[in-house]
Structure formats: C-alpha cells, structure tokens
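The exercises below are to be worked with the structure open beside the text. Each task is followed by a solution that proceeds step by step.

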There are 2 protein chains.
Amino acid sequence: MRKLKDLKITVVGLGMEGGSYAIALRHYINPKNLWGIDIDDNTLIAAEKLGVIDKGFTNPIEPLKNSDLVIMCIYPSGIINFIKENNNYFKQNCVITDVAGVKERLVNDINSFLRDDIDYIAGHPMAGNEYKGFLYASKDIFVGANYLITPSKKNKEENLKLVEEIAYKIGCSNVMRIDHITHDKMIAYASQLIHVIATSIVNNEHFSDDINLFSGGSFKNATRVANINSDLWTDAFIENKKYLIEELEKFENNISLVKDSLINGNREILYNFLQESYVKRNNNRKIFQN
Amino acid sequence: MRKLKDLKITVVGLGMEGGSYAIALRHYINPKNLWGIDIDDNTLIAAEKLGVIDKGFTNPIEPLKNSDLVIMCIYPSGIINFIKENNNYFKQNCVITDVAGVKERLVNDINSFLRDDIDYIAGHPMAGNEYKGFLYASKDIFVGANYLITPSKKNKEENLKLVEEIAYKIGCSNVMRIDHITHDKMIAYASQLIHVIATSIVNNEHFSDDINLFSGGSFKNATRVANINSDLWTDAFIENKKYLIEELEKFENNISLVKDSLINGNREILYNFLQESYVKRNNNRKIFQN
C-alpha cells in the first residue's frame, strides 16, 4: 500500500469543501506534493501564499499528469464533465475520489467512460458548513464527521483502503462503506428533504426576526440550514431527483393527512398520526444523543 | 394593585406546565395560599407532600370560592368547559388566566359567558419541555422565556399588570402584549407548522437510529420535537385549525414548487426558490443568535 506521505495529490476546486480538504491534507498528512486546480486565480494565489498548496493551476493538465490521487471537490455535474474532458491526462493507475453528496449517477456515468487503469473511489464526507468559498475553509470540518464510501465492482481494495485511511487521518471518526443506491435514498431523506423543508418554511411572509417570540426554539432548529448554498443544492437536488421526488411525495402525503384530519375534524386520525411519531421518536433515541 | 404575596391562588391542572407554574409560584412568590385542582389524586398527594401546594382538590368548588387568581393549565378545549361549568363558583372579582397556546377561540368563547365581575386575562408562556405530567415539572422552564398576553377590551389594566408581574417574577425575560389573531396566526406558523413537519418527517420507513450517518445535524434539529405530547397537540391543532390549515397550504405550495421544478427539470425555478430562502435567512439573522 502506498504511503500517504509519498503521494502526489491534486485537489480540484478550492471552495469551502475542497479548501478544507487541502488544509486538512497539509496539516494531518503533508503529502510529497499538494496541488490545487481552480477556475479562480485569486483563490489559487491565496492558497499558495498560505502554504495550503504547493502550486495552483487553472489549466489542469500538468498537475493531473503527475498526481497519484485526484480529489474532486466541485459540484456533482461538474465532476462528470471534468473527468470526461481530462480522461487522457490523468497519471497511469491514479486514483480519483470525490466529495459529492449524490453517488448513483456519478458512479455509473464515470465508470462508463473512465480509462481502465484509473480507479474512481466514490466518497462523501458528511462535513462542511453553510458557507461558500475558500475563505470559509477549515481543517476542522472533518473532525468527528462520518465519511461514506460507495464502492463499485471496479474498485481495488487497496485504493478503497487508501481513501479510508485518509478519511481517518483528517479527523473523521466513522468511515463506512455503503452501496450507492442506499446512500442516495438515505441522503434524499435525511439531508435533502430537510433542506427543502427548511427553505419552504422560510419562504413565507411571516418569516421575520420576531419569530422567536412565538417559538421555543423548534423554529430556529428547523430553519438553520435555510442559509443554503443555492448553486450547490440546486445541482445536488437535480442529480438525485429520482429519490428526492420519492421522499417529497411521502412527506406531502403526511402533511395532507394532517391537513385533511383538521378539515374533516377527525381527531382520531390526527391523534394516531402524532402518536405514531411519538413512539418512533422514542424508540430511536440514539439520534438525539450528543 | 394587589401584592403578590397576599394572593390566594389556585392552579388548575398539575401536569408538566401547571406543576411547573405552581413550583415557580412557591419558589419565587410564595403566595398566601396556593391550591391545586386535578383529576388525579396521586398527583395532588405528591404536590402536597413536596410542599408545592398547600392543599389539593379534585372538587374545584372550595378552592375556586376562595381564590383571587385562578391559573388554568389544562388543554385548550378543557379550559372553556371548566370555566363554563364553574362560572358560579369563582370568587367575586377574581382573575382567571391560562397558559394555552391558542387564544382567539378561548377569548371569544369565555368572554361570551363569563360573569361580568371576573376578568379573564389570556396568557401564553412560551415555556415547557416535551414531557407530560407533574413528574417533569420544574420551576426553571420559565427562566428566560417569552410570555405572551392577548388582552381583550374587557380586561382591567391592573389585572393585566398583575399577570405580567407574575410572569417576570417566575423568570420570564420578555412579557409582551399582542392581539389574539396575530398570536394565533404566528403560533400556527412558528410553532404548530414546525411540529406537523417534525412528525411528518419521522413517520417514514427510513427513520432509524442510523440516520445520523446521513445528516450533519440538520435532521436531528428538524425532528427533535417529534417527541410530541399527542393529546395536547391534537387539541391545540384543532383549536387553531383555521390558521394552521392556512399555513399548511402555503407550505404545501412551496414543497410542490420544488417537486415540480425537479420533475420538469426547471433549474432556474429551483435555484430562485433556494436563493429567496438564502436571502431571507441572511436578512433575519437575529433569530439564530444565541
């Protein structure tokens, strides 16, 4: 297995997530070479000056030709395009990984055209903050986080282990392999649905700074993530629309059930619905520890 | 103005909220008499033994005949029935207040039959926890909380001031008068809608203890209140159904907009919706301080 310190690594996209990845690699691993690719010159200059990367590039050819590991930290649809366009430039036997929040389409698309000698290890660190850009990058976003890996049949075990080792090294506490369909379904439910809900609460004429007068904290908790990165989440929702639409429909059915029970004055249906939630929530308390 | 220490007070309903009110009155004011009315003997015995109340009653007549202030801490529909049934037993010129989370129907109904000498001051302390019963009562639930008062034309200023003084004494940091229609609309949006959403997320086959693997914390935050008191909230939703149905419909329209933009692949509509939320959320940051 390759030693992490001997690797030549390129991070593609030095936004909040890619910038954080690069800072964490520098801090916890300090690989032989650490390069950055970005469309924004100023970001590359800043990252170089801060010593986060050895050198920044807007043209990807040179760093890709020399990198053992390429970490894709751009939006999901951009990842596919970037790898397709640069398919011929990657170093022989290199490993590509990514941080995208949706996996099924990426795994299928990328593996359909990727050179046979390259191994694409699909990854998803559940880490970040609600801000955009390199200025909000921090090595600490990975500390204690989950890092999900969705292997495909093409993946070599040593390359899966390589990405897993890096995930632990940069601070993740729980690195787990999961199939990409389960991943995307659960992300649609546990993360994307929650973001659609938060924005759907906020887009209301009653939303104002006075809202805490009328809430014991539940409103604040439900809408914190409405401070959304619209570019990223538009892309992620569309990439995962098959499963997100399913979750939105199940959720809509529940909201309708409550609304209809109120319209029809059916106290029993309403009570049973709330009680079902009470029981489920109490049977799954681990979620709410910490 | 009456001195708080000289008051004879009865708390009706020694559940979590009423029990907490009684404990806080004992601790912060220690009135001349503090009585409790409840349908459950064991609760009354426990409250007596702990010194929270001087005496407990299942038959309300005696304490009502002697109380300057009666604090109604039962479910909204029960409050109207209780006051109607005991209209003749209340002490001359007494003050009744309550803690119900909905106000319009209570204010209108109660004032339509209440004896002219009695002043009903509608109140709503935004305090509590998600548990039921006297065992979960605590004097601390009011500390730092908001206490909303919805005055009616019949109310005497001195009686409004009396309830406000008590609210501050038991620890509330912000006591505010507001009209009952605005109150109920805002409660429908900022509190009841959030509880319908939380239960509608939880009532899903994907809900399990593993969910935190797929969420950075937003799921936990959005579903904490799904641990709902089904009796209380069924009652509160039905009492406020006019405004809650309005809020559910506005919310449903937003969810549909997102779903349709995914089905139709309309990236611009989706982006604009998320961006509207982003801007609103950032223009109202006070909500998220503390």
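**Exercise 1. Find the residue that follows H10(B) and describe its backbone, then test the length of the helix and list what it buries.**

Begin by noting that this is a predicted model. H10(B) is followed by B:Gly265, and the phi of this glycine is positive, near 65 degrees.

Next, compare expected and computed length: helix H10 of chain B runs over residues 241-263, and because each of its 23 residues is taken at 1.5 Å, with one less than the number of residues counted, the expected span is 33 Å, which agrees with the 32 Å between its end C-alpha atoms.

Then list the buried residues of H10(B), which include B:Tyr243, B:Leu244, B:Leu248, B:Phe251, B:Ile255, B:Val258 and B:Leu262, and also B:Lys241, B:Glu247, B:Asn254 and B:Lys259. Finally, ask what covers them: the cover includes helices H7 (180-202), H9 (230-239) and H10 (241-263) from chain A, together with H7 (180-202), H9 (230-239) and H11 (267-283) from chain B.

**Exercise 2. Describe the side of chain B that touches chain A, and determine how the two copies are related.**

Start with the extent of the contact, in which 74 residues of chain B meet 74 residues of chain A. Strand S7 (146-150), H7, helix H8 (218-223), H9, H10 and H11 of chain B each supply at least two residues to this side of chain B, and H10(B) gives the most, with 13 residues. Sorted by class, the side of chain B that touches chain A has 39 nonpolar, 23 polar and twelve charged residues.

Now superpose the copies: chain B falls on chain A after a rotation of 180 degrees with 0.0 Å of shift along the axis, at an RMSD of 0.0 Å. This is the relation of a two-fold axis. As a last step, since 99% of the interface residues of chain B are also interface residues in chain A, the copies meet through the same surface.

**Exercise 3. Identify the residues that touch the most other members of the largest nonpolar core, and trace the contacts of the one in chain B.**

The largest nonpolar core has 187 residues, and of these A:Ala22 and B:Ala22 touch the most other members. Setting aside neighbours within four places in sequence, the contacts of B:Ala22 are B:Val11, B:Leu14, B:Leu34, B:Gly36, B:Ala47, B:Val52 and B:Ile53. As background, nonpolar side chains in soluble globular proteins tend to be buried together.

How values were computed: Residues are numbered from 1 along each chain as its sequence is written. Chains are lettered from A and ligands numbered from 1 in the order in which they are written. This is a predicted model: local features need pLDDT of at least 70, side-chain atom pairs count only at pLDDT 80 or more; totals for chains, interfaces and linings use all residues. A nonpolar core is a set of buried Ala, Val, Leu, Ile, Met, Phe, Trp, Tyr and Cys residues joined through C-beta atoms within 7 Å. A residue is buried if 20 or more other C-beta atoms lie within 10 Å of its own, exposed if 12 or fewer, and partly exposed in between; C-beta atoms are placed from the backbone. Two residues are in contact if their C-beta atoms, placed from the backbone, lie within 7 Å. Helices (H or I, at least four residues) and strands (E, at least two) are DSSP runs, numbered from the N terminus. Ala, Val, Leu, Ile, Met, Phe, Trp, Tyr, Cys and Pro count as nonpolar, Asp, Glu, Lys and Arg as charged, and the others, Gly among them, as polar. Copies are superposed by least squares on the C-alpha atoms of residues with pLDDT of at least 70 in both.
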